[in-house]
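Biologist: Could you walk me through this one slowly? I keep meeting labels, and I'd like to see where each label comes from.

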Amino acid sequence: MFGSGQKSGKALERASFVNLLSQLLKEKRNLGDISVGMASKPESKGIETSRQQAGTMNFLPNMDHSSESLKPNLVVSTSNSNAKLSGLFPEIGSFGASSSREDTNNTTEFRKPAKVEAKSSQLTMFFGGQVVVFNEFPSDKFKEIMDLLASHGCSTAFSGVVADTGMEKVYSKIDKVESSNPEIPDLNVATRTRNSHPIPPQVPSVELCEYGSSDLRIARRNSLHKFFEKRKDRAAARAPYQVNNVRGSPPRPKPDESKPSLEEGQSSKEASRDLDLKL
Amino acid sequence: MEERRTAPFNTGMPDAVLKCVLPYLDGPRDRASISLVCRRWYELDSASRKHITIAFCYTTTADRLGRRFPAVESLKVKGKPRAAMYDLIPDDWGGYVRPWVQEVAANLDRLRWLHFRRMIVRDSDLEVLARSRGGVLRALKLDKCSGFSTDGLFHIGSMCRELRTLCLEESSIVELDGQWLHEIAMNNSILETLNFYRTDLVQVSFEDLERIARNCCNLTSVKISNCEILDLVGFFRAAAVLEEFCGGSFNNEQSDRYNAVTFPPKLCRLGLGSHRMPSVFPFASLLNKLDLLYALLDTEDHCLLIQRCPNLEILETRTVIGDRGLEVLAQSCKKLKRLRIERGSGNVSVSHRGLTVLAQGCLALEYLAVYVSDITNASLESIGTYSKNLCDFRLALLDREETITDFPLDNGVRALLRGCEKLRRLALYLRPGVLTDVGLGYIGRYSPNVRWMFLGYVGSSDTGLFEFSKGCPSLQKLEMMGCCFSERALAHAALQLPSLRYLWVQGYQTSSQSSDDLLAMARPCRNIELIPARRVITTDQVEEAVVLEHPAQILAYCSLAGPRTDFPETVISLDPVL
């Protein structure tokens, strides 16, 4: 869902958007309870679907539809702390039924958001692997953000409703992170906090969910990791226009998803043709 | 006249005799025992000890080393935790060679062999070393080190003319040019081992390699980075006594040109970086060591090659070898002693089927490290039954299969431990539920000789750790990941395990009074350090930000040096005094 911006232009676009958002956040510093956290690259279905289900809006930059690769996107979700049903704002409309399938890649889908039940509620923004949560976020400010985003020409899609336990897990993790992070960090920069109390770690099962792919749960040896990255690079450099191009795939692909010519198990003759042995 | 008083435990052996005997006793445990007999023996040992390994650089100081062992000739110092090889330790964590190099330069006149592992080295350190000991240094190994550049190596090349061994394997080196190798080529005629394998040093010139091969008539082992093999034809011709070669790449389109490459006649240890097997077939029967980690062979290729290597003793490859390859290995390579199967990226995997056959066929196996996708109790029992020479066993269970065939593995692990009586080192990286608290208790009870363990995702509660820590009488170094254990349990274990002197844990249950619970394991001469949970943002090749969550880490170790003074920001010392 998150992942490669194929072109550096996208990265610039994203960077400038994030800068704007940073400024807005700093201006709104007096909003009070603001929590910030980071999520790992959400490759796990658990996180993706739960994000879907918690009143999300997708802001997807215009993407090349022919590519099946993952697109960077900004997901903004709001939730009412009382109601399971997360709402958006009257001027936008009301949510339809919750969506259970991942459709973040679909730029054109539009669903009406649910009616907001309170004047202020929690706003969660997911962007490029970072998570920002605002409690008690006023609706008029939210409208400002919406206008800001609209002015950037981002197409939007609304979907999903119910926050499920997966999302709660993410939130609880974020809350824990937040407790050790009193100030609003620059969104662009890694947060380094020196804690007197270590941030509570995850129980193994949550860790699995959070990491999302076996590659991350089982750390890879540096030397081998470099070797595989180089192979991917070279295959991509050789064939940049192929469909299912490796370059569009997430940085740590699951073994089954890697490009056929990269797969082991192929006969060496085929491998030599495809890879050209640019080791 | 005062009679010479003899101490009640006087051995009656004059020093002269002891001095003749001591050189034959060079095992570190023997020497440690000798030094504990009495003060005189301690002094004699100190004066004559030739080799020292400092297993963890912060357990003592360089000047203590110099004071106790002034005549040491060979020194090995290790720095960062092993997890650094898997990118789990901050780069600037520590483990600086500077104090050791300074001690070597100032006081250790007899030092000839120096080996630093997972440490931070600066160019200035290399210069100091070269200037002070360049005339006598015979071996320098910078193994998985970082922090230096080819400028530092230039000093080594130009001033260390007695060097027989230069090893830089897997180090992170900033490459400015290839002059360092040129210096070696121009100044050294006695080099025997040259190793810059798994480095990114590519600006080396093949002409320099060739010159080294011509000048150094004892050159037996060369492991390089990615130089084109076709350029090395002259090198191979000149290296007449070469026994080991690893590295190189096969980038040329015209594959028949590679037929002109003749490998040296005595080559018996080889690391292939391609799929080109036929060129290996002629001397495959000579091979006793094969490194296929970076080769592009599929399962079939593995089978074809391994069949032709009856003398193979060491094999390193990836999971692409498959269960079928292990069957071939079991049939063909009866002398196999060491097997390492690293995680590959394809669909082929290794499982209990291959392991069972392997254990039955390769009875000489001493070291087995393998990533499996599936494992059963029966296969572990087979290993316990057949692999009677096994000293080092490491198993990691991949997440490829949702559920594995047969779990929990408690009984299989017990059978393996009871059967493999020589086991000294053990690693089990599993999943929640695969090894229960009972199984963890078995590990404690049935591993009398194991000195190092790495356990990942084992047990299900503190009870398991309590049971575990009742046993493991020889356990000196314990590393754990993905634990469900509380800090209290960890502290308890650290105090219970009688031989434990080094503990590393990542991923555990913190409590609200976290520091207090951990401090329960505090003792004099024991340091406790924390690396709190970190979020690391890196960029991948497509300039996309990757955020990695690193859970908190604990490192506790015995030390005579007091708490560290060279902390980076990411490391916190838990000092009970504060």
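**Where the labels come from**

Modeller: Sure! Of the 578 residues in chain B, 59% are buried. Keep in mind that this is a predicted model.

Biologist: What makes chain B as compact as a globular protein of that length?

Modeller: Start with the parts: chain B has 19 helices and 25 strands. Its radius of gyration is 25 Å and the globule rule gives 25 Å for 578 residues, so chain B is as compact as a globular protein of that length. The C-alpha atoms of chain B fill a box of roughly 75 × 70 × 55 Å along the principal axes.

Biologist: Now the charges. Why is the contact between D143(B) and R117(B) called a salt bridge?

Modeller: The cut-off is 4 Å between a side-chain nitrogen of Lys or Arg and a carboxyl oxygen of Asp or Glu. For D143(B) and R117(B) the N to O distance is 2.8 Å, within the 4 Å limit, so the pair counts as a salt bridge. The two are 26 residues apart, with D143(B) in strand β4 and R117(B) in strand β3 of chain B.

Biologist: How do you know whether D143(B) is buried or exposed?

Modeller: Buried means under 20% relative accessible area. D143(B) has 7%, so D143(B) is buried. Its partner R117(B) has 22%, which falls between the 20% and 50% cut-offs, so R117(B) is partly exposed.

Biologist: And what makes E300(B) and R324(B) a salt bridge?

Modeller: Same test: their N to O distance is 3.2 Å, within 4 Å, so they pass. E300(B) is in helix α11 and R324(B) in helix α12 of chain B, 24 residues apart. E300(B), at 36% relative accessibility, is partly exposed, and so is R324(B) at 43%.

Biologist: Which residues are joined into one network by salt bridges that share partners?

Modeller: Among them are R221(A), E169(B), R198(B), K289(B) and D291(B).

Biologist: Which salt bridge has K226(A) in it, and how do you know that the pair joins two chains?

Modeller: K226(A) pairs with D200(B), their closest N and O atoms being 3.4 Å apart. K226(A) lies in helix α7 of chain A, while D200(B) lies in the loop between β8 and α9 of chain B, so the pair joins two chains. At 36% relative accessibility K226(A) is partly exposed, and D200(B) is partly exposed too, at 40%. Over all chains, a search of the whole structure finds 37 salt bridges.

Biologist: Why can side chains of opposite charge pair?

Modeller: They can pair when their charged atoms come close.

Biologist: What about D87(B), D91(B), D92(B) and E569(B): why is their patch called negative?

Modeller: Asp and Glu count as negative. These four residues are Asp or Glu and gather on the surface, so the patch is one of negative charge. D91(B) is in the loop between β2 and α5 of chain B. With 64% relative accessibility, over the 50% cut-off, D91(B) is exposed.

Biologist: One last label: what makes D256(B) exposed?

Modeller: D256(B) has a relative accessible area of 53%, and exposed means over 50%, so the label fits. D256(B) lies in the loop between β10 and β11 of chain B. From its C-alpha atom to that of I190(B), 66 residues apart along the chain, the separation is 35 Å.

Key
Residues are numbered from 1 along each chain as its sequence is written. Chains are lettered from A and ligands numbered from 1 in the order in which they are written. This is a predicted model: local features need pLDDT of at least 70, side-chain atom pairs count only at pLDDT 80 or more; totals for chains, interfaces and linings use all residues. Side-chain values use heavy atoms; hydrogens and water are left out. Helices (H or I, at least four residues) and strands (E, at least two) are DSSP runs, numbered from the N terminus. Buried means under 20% relative accessible area, exposed over 50%, partly exposed in between (1.4 Å probe, protein chains only). Patches are made of residues with over 30% relative accessible area and no salt bridge: like charges are joined within 9 Å, nonpolar side chains (Val, Leu, Ile, Met, Phe, Trp, Tyr) within 5 Å. Accessible areas come from the Shrake-Rupley method with a 1.4 Å probe; for residues, only the protein chains shown count as cover. The place of a charge is taken as NZ of Lys, CZ of Arg, CG of Asp or CD of Glu. The radius of gyration is taken over C-alpha atoms; the globule rule is 2.2 Å times the number of residues to the power 0.38.
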